[in-house]
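The following exercises concern the chains of one model and the places where they meet. Attempt each task before reading its solution.

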Amino acid sequence: MSDPVLSVNELTVSFGTRRGRAKVVNNFSYDVGEAETLAIVGESGSGKSVSSLALLQLLPTPPARVEGRALFRGADLISMTKSEIRGVRGNRVAMIFQDPMTSLNPVRTIGFQLMEPLKIHMGMSDTAARARAIELLDTVGIPSPGGRVDDYPHQFSGGMRQRVMIAMGISCSPDLLIADEATTALDVTTQAQILDEIRRLQEEMGLAVIWITHDLGVVAGIADRVVVLYGGSMMEESVIDQIFDERRHPYTRALLESVPVSGGDRPHRLKAIQGLPPDPTRLPPGCPFAPRCRHAVERCSNDAPRLRAPAEGHRVACHLDPADFHD
Amino acid sequence: MTATSSRDDHYAGEPIAEHRSRLRATVDTILLNRLAVTGLIILLLLVIAAAIGPLVAPYGINEISIPDRLQGPSASHWFGTDDLGRDLFSRVIIGSRVSLMVGFIAVGIALLIGVPIGLASGFYGGAVDSWLMRLMDILFALPAILLAIAVLAVLGPGIGNAMIAIGIVYTPIFARITRGSVLTIKESVFVSAARSLGATDIRILRTHILPNVVAPITVQTSLSLAFAILAEAALSFLGLGVQPPDPAWGRMLAEGRGFFEQAPWMAIFPGLAIVITVMAFNFVGDGLRDALDPQQRSVIESRGQG
Amino acid sequence: MTAYVLRRLFQMALALLGVSIIVFSLIHLVPGDPVRVALGTRFDPDVHAALTKRAGLDRPILVQYFSWLGDAVRGDLGVSFRSGQPVADLLFERLPATITLAVAALFVALLVSVPLGILSAVRSGSKLDYGATAASQVAVSVPDFWAGIMYILLFSLSLRWLPPSGYVSFSDDPVEWLKHLTLPALTIGLISGSILFRFIRSAVLEALHQPYTRTARAKGLTERQVIWSHVMPNAWIPIVTVVGLQLGFLLSGVIVVEVIFAWPGLGRLALLSVQDRDFTVLQGAVLLIAFVFLSVNLIVDLLYGYLDPRVRQK
């Protein structure tokens with residue numbers, strides 16, 4: 001395998017709160033390769049969004065504190081100066097956010113917002129940037145882009161706005177696109193269209209993608225590899241075909257049982273996971289999932305399991321062997 | 001009032017069953033807020049001063065002593081004396097009575113008129129709503145002091161009329177806030193449910209709507225008390241409120257104006273009393289808002305027109 | 001947009017009509033004969049009869065209202081019971097002084113509140129933020145008339161920097177004009193500014209925490225570009241509304257402050273007319289001030305449409 005585009009190493013994010021430091025992301029490590037899509041999956045509060053905001057230094061510090069390294073094409077994003085990271089943002093690494101309704105500025109035209117990164121990163125003139133903005137709108141499938149470029153976000157539908165966000169993301173031909181719940185707010189049809197769009201762009205541009213979601217159904221459709229995050233810690237990492245059919249980490253299994261998966265090979269009853277995610281200011285000393293785990297043994301609540309690699313392309317943080325589980 | 005809608009959204013979803021625990025949480029939040037506690041303590045002292053004032057005041061409020069006139073602050077006259085040799089400390093203490101009384105009664109009037117108007121307007125909608133709200137808009141179209149002055153021009157100056165005038169001035173705010181709250185709650189699921197079960201209008205108003213408009217109104221009351229005290233002071237200062245020889249802070253300031261150079265303390269101390277009282281009500285109002293109504297903009301910001 | 005402007009104009013006309021009814025009622029709600037009350041000890045049967053007839057008080061009430069309204073629309077607001085001068089002349093003589101003071105006060109208010117509000121929000125939690133917030137907390141509790149008196153004590157009587165009262169017109173002496181304007185404008189402007197400060201701070205803070213601001217940062221914009229291109233264009237919208245509403249507060253302040261600084265404006269005229277029981281003058285002053293206030297609010301609403309594309313295109 002060639003050098004990864006992004007190599008995240010022991011990323012830890014904590015927040016100062018009134019009740020002490022809250023560790024939201026804990027020793028998180030992963031790689032993303034060229035033209036690869038990595039899905040980061042977890043419930044809300046699992047630290048999946050925070051970990052990606054930390055990469056681009058988009059968290060307010062303080063209260064946030066970010067430790068560890070994130071080598072992007074060999075340069076550490078975490079320790080970059082403000083002006084260095086600004087040169088990366090929207091240029092080499094682009095980000096698409098969850099809510100297309102509020103992620104676009106309501107009082108600026110679509111064109112204005114699309115032209116900004118072109119002007120600051122590529123030094124384009126207004127005329128050139130405008131022409132490129134219209135091209136980009138066309139690329140992401142906005143009909144009659146020349147007539148829409150001066151419209152305001154409220155004149156676009158939710159799906160169209162997310163397309164605009166994507167256009168903005170790919171405008172400077174980045175190496176890495178981070179999509180944070182990018183299709184969550186959209187209906188299923190639009191969601192499928194957007195996923196197709198991303199896949200197409202990925203093929204054309206060799207784009208690496210980090211796809212952050214809580215929706216395993218979406219993951220099945222887009223990802224090459226999946227990382228499962230719980231309570232800020234990585235529970236499991238796996239190539240996509242194995243995550244659905246092999247015996248997995250108890251949390252991954254619980255997650256799979258709690259969502260309907262289209263194309264799952266056998267019908268199953270949906271189960272809710274009992275209990276609540278852990279309080280980041282009072283993480284248990286052992287495995288963060290232990291209090292809610294059906295299979296937990298005494299050791300799980302005292303001793304945090306390390307990631308081990310039982311097979312090629314599979315890492316898991318669990319003391320138990322899936323073969324021992326009896327449901 | 002842009003602030004109203006965001007606040008109301010917050011209330012629309014809140015079940016009444018949590019009322020007790022919410023009360024508890026409210027009290028806790030207020031006690032945690034240092035400024036609000038400071039405000040409460042100041043208000044408590046003020047109420048005590050107003051209640052037992054004559055016992056604390058070292059001199060009679062109209063005890064004239066020409067030889068002692070225009071004396072600066074000293075051990076025997078903490079705040080100095082005025083042009084008639086009256087003890088300013090005693091007059092400032094007794095002055096709290098007027099401020100608090102006018103404040104409470106004026107805001108009481110605004111509450112008693114404004115809340116029912118808001119309830120009727122929001123609950124019945126239609127023509128009732130548009131007529132009542134147009135009327136409120138007209139009152140809103142006049143700067144507060146000007147409206148109060150106009151009312152006093154008709155009724156004649158005096159403390160009672162000042163209360164009525166200030167009450168009228170602050171009525172539209174209560175009507176609007178109440179109406180805004182009612183409008184969102186009216187559409188909520190629990191009201192539709194009660195209605196489908198055949199509950200009468202009065203019953204729905206009493207059991208479902210009133211408890212939910214209490215929070216924004218409580219916050220507005222505390223605020224309005226601060227403004228009412230400022231308004232009373234202004235009117236008394238202009239000679240339209242409390243009449244001599246009764247001590248009112250605004251009145252005392254006006255009297256002090258004539259003796260600027262010889263006796264600046266005549267203007268300083270009554271003014272400080274107003275500032276501290278108004279600040280106390282603002283602190284409590286801000287604290288109440290944080291506790292009851294976290295989405296509402298700060299009290300002072302919601303002041304809009306003064 | 002045209003429909004929006006027309007609707008707002010209609011609403012303003014309606015509000016003015018309402019104000020006119022209240023203003024007209026003023027004179028009729030006063031117990032007794034207003035002309036007799038106004039003349040007081042200077043009572044003269046001939047003058048009384050003439051004024052009563054001039055004011056039309058001998059006619060049926062509805063006729064009186066409509067003829068008064070008709071005259072008012074044409075700029076005829078009757079004559080003063082006291083001086084016999086046309087009310088409109090009295091008002092327009094004093095209007096420039098009031099407008100000067102109001103505009104100067106608004107200028108002071110904006111000068112203080114806009115930079116401080118933006119800075120406090122951008123550096124929220126900093127010493128500057130705490131200091132400015134604490135200062136505004138105190139300032140909003142200060143009665144304007146007391147602040148005025150304290151300024152006179154300090155800047156006029158002790159330091160002797162500025163005149164304690166009076167008005168000099170700009171055309172007579174620009175330097176003296178500014179000197180006389182400074183204290184009254186500061187009195188109203190600082191208090192009004194501290195209210196605006198808190199609002200601007202929270203409006204900017206709110207915009208700073210919106211997802212679109214994060215999007216702007218994620219594009220690689222500098223913090224300065226983020227604030228001026230994305231945060232402020234959104235924050236201005238609520239700020240403009242509050243500035244409009246503040247004008248009511250400002251005009252209230254102007255009335256009181258005019259009295260303290262012997263500023264020959266509408267507020268002082270209105271107050272004198274109350275003391276003199278000169279009801280036609282009071283009516284005119286209230287009507288004119290309400291008109292100014294409503295007009296400003298209309299302008300603010302139209303500005304709102306200009307700033308917010310969502311309103312503009314509705």
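**Exercise 1.** For this predicted model, determine what share of the contacts in chain B between residues at least 6 apart in sequence joins residues at least 24 apart.

*Solution.* Begin with the contacts in chain B whose two residues are at least 6 apart in sequence; 72% of them join residues at least 24 apart. Next, consider the secondary structure: chain B has 11 helices and zero strands. Its pattern along the sequence is accordingly written with α alone, as α-α-α-α-α-α-α-α-α-α-α. Finally, consider burial: chain B has 306 residues, of which 51% count as buried.

**Exercise 2.** Establish which two chains share the most contacts.

*Solution.* Two pairs of chains are in contact, and the pair with the most contacts is B and C. As a second step, examine chains A and B: no contact joins them, and their closest C-alpha atoms lie 13 Å apart. The cut-off for a contact is that C-beta atoms, placed from the backbone, lie within 7 Å.

**Exercise 3.** Describe the side of chain C that touches chain B.

*Solution.* First, count the residues: 42 of chain C are in contact with 39 of chain B. Second, locate them: among the elements of chain C that give two or more residues to this side are helix H1 (2–29), helix H8 (174–208) and helix H10 (223–260). H10(C) provides the largest share, 10 residues. Third, sort the residues of this side by class: 35 are nonpolar, six polar and one charged.

**Exercise 4.** Carry out the corresponding analysis for the side of chain A that touches chain C.

*Solution.* The count is 23 residues of chain A in contact with 18 residues of chain C. Helix H2 (82–88) and helix H3 (110–122) of chain A each supply at least two residues of this side. The largest share, four residues, belongs to H3(A). By class, this side of chain A comprises 10 nonpolar, eight polar and five charged residues.

**Exercise 5.** Identify the residues that touch the most other members of the largest nonpolar core, and examine the contacts of Ile166(B).

*Solution.* The core contains 271 residues, and those touching the most other members are Ala148(B), Ile149(B), Ile166(B), Ala231(B), Ala270(C) and Val286(C). H10(C) contributes the largest share of this core, 20 residues. Now take Ile166(B) and set aside its neighbours within four places in sequence: its contacts are Val102(B), Ala106(B), Ala148(B), Ala228(B), Ala231(B) and Glu232(B). Two residues in that list, Ala148(B) and Ala231(B), also appear among those that touch the most other core members.

Definitions and conventions: Residues numbered from 1 in each chain as written. Chains lettered and ligands numbered in written order. Predicted model: local features only at pLDDT ≥ 70, side-chain atom pairs only at ≥ 80, totals over all residues. Buried ≥ 20, exposed ≤ 12 C-beta atoms within 10 Å, placed from the backbone. Nonpolar A, V, L, I, M, F, W, Y, C, P; charged D, E, K, R; others polar. Core = buried A, V, L, I, M, F, W, Y, C linked by C-beta atoms within 7 Å.
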